[in-house]
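Here are some notes to read alongside the model, written for someone coming to it fresh. Have the view open and follow the points in order.

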Amino acid sequence: MKTMNLRDANQQFSKLVREVEETGETITILRNGEPAAEIRRPPSRTTERKLSPAQKAALKSMFEIAHRVRGKSTGRKLTRDEMHER
């Protein structure tokens, strides 16, 4: 991991961003010798979020409720509390 003081990083910011994009290496920015920030590549957007079994069950339940309610056409949207009650 590369480190750089804040003043130099400020003067070379565009170059640093390009370097991180090309190499994937994280750059730590130091203020008074202490880490203050990092420039790094964002996480891959293609990575699928991992859900716990409880989260998967909750999502499935929510979608089932929404599907049933959609067929009844109440003319209004359900509130969060109403979704949780069902």
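**Notes, starting from the hairpin**

1. Let's begin with the turn. Strands β2 and β3 make a hairpin that has 2 residues between them, and in that turn Asn 32 shows a positive phi of about 55°. Keep in mind throughout that this is a predicted model.

2. Asn 32 deserves a second look. Its phi is positive although the residue is not a glycine. Asn 32 sits in the loop between β2 and β3 (34-39), and with 77% relative accessibility it counts as exposed.

3. Now the strands on either side. The pairing of β2 with β3 is antiparallel and runs over 5 bridges. One residue to find here is Thr 28, in strand β2, whose bridge partner in β3 is Glu 38.

4. Is Thr 28 buried or exposed? It counts as buried, at 7% relative accessibility. Setting aside residues up to four places away in sequence, Thr 28 touches Met 1, Lys 2, Thr 3 and Met 4, and also Pro 35, Ala 37 and Glu 38. So if you click on Thr 28, its strand partner Glu 38 is on the contact list, and so is Lys 2, which comes back below.

5. Glu 38 has another partner too. It forms a salt bridge with Arg 40, where the closest N and O atoms are 3.1 Å apart. Glu 38 counts as partly exposed at 40% relative accessibility, whereas Arg 40 is exposed at 55%. As a general reminder, side chains of opposite charge can pair when their charged atoms come close.

6. How many salt bridges does a search of the whole structure find? The search gives 2. Besides the pair in point 5, Lys 2 and Glu 19 meet through their side chains, at 3.1 Å from N to O. Lys 2 belongs to strand β1 (residues 2-5) and Glu 19 to helix α2 (residues 13-23), so this salt bridge ties together parts that lie 17 residues apart in sequence. Lys 2 is partly exposed at 27% relative accessibility, while Glu 19 is buried, with a relative accessible area of 18%.

7. Next, the nonpolar side of things. The largest nonpolar core is a set of 7 residues: Met 4, Ala 9, Leu 16, Val 20, Ile 27, Ile 29 and Ile 39. The elements giving two or more residues to this core are α2 and β2 (27-31).

8. Ile 39 is a good place to look at that core from. Leaving out neighbours within four places in sequence, Ile 39 is in contact with Phe 13, Leu 16, Val 20, Glu 25, Thr 26, Ile 27 and Ile 29. Of those contacts, Leu 16, Val 20, Ile 27 and Ile 29 are also listed as members of the core.

9. Finally, step back to the whole chain. It holds 4 helices and 3 strands, in the order β-α-α-β-β-α-α along the sequence. Buried residues account for 16% of the 86 residues. Taking contacts between residues at least 6 apart in sequence, 28% join residues at least 24 apart. The chain exposes about 7800 Å², and carbon and sulfur atoms supply 50% of that area.

Technical notes. Residues are numbered from 1 along each chain as its sequence is written. This is a predicted model: local features need pLDDT of at least 70, side-chain atom pairs count only at pLDDT 80 or more; totals for chains, interfaces and linings use all residues. Side-chain values use heavy atoms; hydrogens and water are left out. A salt bridge is a side-chain nitrogen of Lys or Arg within 4 Å of a carboxyl oxygen of Asp or Glu. Buried means under 20% relative accessible area, exposed over 50%, partly exposed in between (1.4 Å probe, protein chains only). A nonpolar core is a set of buried Ala, Val, Leu, Ile, Met, Phe, Trp, Tyr and Cys residues joined through side-chain atoms within 4.5 Å. Contact means heavy atoms within 4.5 Å. Two strands pair if DSSP finds at least two bridges between them. Accessible areas come from the Shrake-Rupley method with a 1.4 Å probe; for residues, only the protein chains shown count as cover.
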